[in-house]
Amino acid sequence: MNSGNLTMGSQVKNFENDISRYLDVAHFVMMNSGSSANLAMIEALLRPAKGKPQLSLADKILVPAIAWPTTIWPLVQLGLDPIFVDVNPLTLALDLECAQDVIDEFGGKVRGIFPIHPLGYSMLPSELESFIDKNNLVLINDVCESLGSWREGKHAGTSGTAGSFSFYFSHHITTMEGGGVATNDSKFADDLRSIRSHGWSRDRSDVEEWRTGVTNNDAKFLFVSTGYNVRPMEIQAAIGISQIRDIDIFIGKRRAIAQAVNKAIAGSCIELIGAENLKEGADQNGHSWMLLPLRIKGPNAAELKRKIVKALENLEIETRPVLTGNFLAQPAMRTIGHNRQQPEDFPVATMITETAFMVGAHHDLTSEQIEFLCGALKRIAMEFA
Ligand SMILES: Cc1ncc(COP(=O)(O)O)c(C=O)c1O
């Protein structure tokens, strides 16, 4: 703040370098939120400054039935056609077997896939890569919930064209609000830099190429693509620089909370979705535990869930649905005329919505708060068993 340099500048550049090094990608383009990152990725696929677009208007893009609104809305807003796919009950991620069925149903009209790596869980890079190769699809990833999750030596969501990240206040690291896109594609990164800033050429690596020979315009003010203003501020990046240094500590704390909760509910009617990843010998780095999705087992699970959620809320333990629940049941889906697929077409998403909920696993929870949470879950699970 004292430097007087408040709008995007050297702090943003430094943070971008730190994050690209951490993610092991060639480029990170910081923006003012994860939602903006999704919007900019799709804009860049549709309208690159040079060369052929990777997607065209009305192309069908596969998305998970349990989603976040701003995974879906940029597709709708920019004229693409989201096709929903049910999720895997064990991971909550888009189920690639169901995705294959959907592709077979829609023939060659499906051009892309936009999976979410949900709640700290990383989808397997090798499975995603062979799926897109087999079906000739563009892959972009929503990694807004899964910073710090690695499988097969790759960070979540770094296969394919690009991945979006969020540094919202409650996430693995925070810049208060903030996000950005990771990519290994230099041209794509340049397009994101233009799109982030009105379509401007000035932050692109090929800026001189654009400026060469320009005589009829001020070469400093060349606009080479469509664009928004989704730039971050220096203060956000400065906070991010100190946050990313502690990422391993934050994730370690989150994993310990998941472990404590899993122990507290052992043998009860409540199970932690993803607990397999906590077992000895499991690939623990593949799950960075954003929030804890808890599912009620057995008959009357839906009714039992309502009772358990009420009991927790009465103790001022905040609960949430799993992301947004079955996204097709959200009222806004009716306003966009998406009538081809109905909520009941997605049995796993429906089951998760009815029988599961989430509690927090933030790394700033105190040991008293964690004990309180675990004690409450244990008592309530026994009471309703
Ligand atoms: C899967 C997913 N995508 C996108 C976002 C949007 O990120 P932001 O809040 O930074 O806009 C979120 C928010 O948490 C999310 O969970």
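Buried means under 20% relative accessible area, exposed means over 50%, and partly exposed lies in between. Keep these cut-offs in mind as you look through the close-ups of this predicted model.

**View 1. A negative patch on the surface that includes Asp104.** Start with Asp104, which sits in helix 4, the stretch covering residues 96-106. Its relative accessibility is 56%, so Asp104 counts as exposed. Now look for its partners: Glu97, Asp101 and Glu105 join Asp104 in forming the negative surface patch.

**View 2. A nonpolar patch on the surface that includes Met176.** Here you can find Met1, Leu6, Met176, Met233 and Ile235, which together have about 480 Å² of accessible area. Met176 belongs to the loop that joins strand 8 and strand 9. With a relative accessibility of 38%, Met176 falls between the two cut-offs and therefore counts as partly exposed.

**View 3. Helix 6, largely enclosed by the rest of the structure.** Helix 6 spans residues 186-196, and 9 of its 11 residues are buried, which is why this helix is described as largely enclosed. Follow the buried residues along the helix: Phe188, Ala189, Asp190, Asp191, Leu192, Arg193, Ser194, Ile195 and Arg196. What covers them? The cover includes two helices, helix 1 (10-23) and helix 2 (34-46). It also includes strand 1 (27-31), strand 8 (162-166) and strand 9 (179-183).

**View 4. Thr324, a buried residue in a loop.** The loop in this close-up runs between helix 10 (301-314) and helix 11 (332-335), and Thr324 is part of it. Is Thr324 buried or exposed? Thr324 counts as buried because its relative accessibility is 14%, and the cut-off for buried is under 20%. Setting aside neighbours within four places in sequence, you will see Thr324 in contact with Ala67, Trp68, Pro69 and Gln330.

**View 5. Ala58, an exposed residue in a loop.** Ala58 lies in the loop between helix 2 and strand 2 (60-64). Its relative accessible area is 51%, so Ala58 is exposed. Even so, Ala58 has contacts to look for: leaving out neighbours within four places in sequence, it touches Gly79, Leu80 and Asp81. Pick out Leu80 and compare sequence with space: Ala58 and Leu80 are 22 residues apart along the chain, while their C-alpha atoms are 4.4 Å apart.

Notes. Residues are numbered from 1 along each chain as its sequence is written. This is a predicted model: local features need pLDDT of at least 70, side-chain atom pairs count only at pLDDT 80 or more; totals for chains, interfaces and linings use all residues. Side-chain values use heavy atoms; hydrogens and water are left out. Patches are made of residues with over 30% relative accessible area and no salt bridge: like charges are joined within 9 Å, nonpolar side chains (Val, Leu, Ile, Met, Phe, Trp, Tyr) within 5 Å. Accessible areas come from the Shrake-Rupley method with a 1.4 Å probe; for residues, only the protein chains shown count as cover. A salt bridge is a side-chain nitrogen of Lys or Arg within 4 Å of a carboxyl oxygen of Asp or Glu. Lys and Arg count as positive and Asp and Glu as negative; His and the chain ends are not counted. The place of a charge is taken as NZ of Lys, CZ of Arg, CG of Asp or CD of Glu. Helices (H or I, at least four residues) and strands (E, at least two) are DSSP runs, numbered from the N terminus. Buried means under 20% relative accessible area, exposed over 50%, partly exposed in between (1.4 Å probe, protein chains only). Contact means heavy atoms within 4.5 Å.
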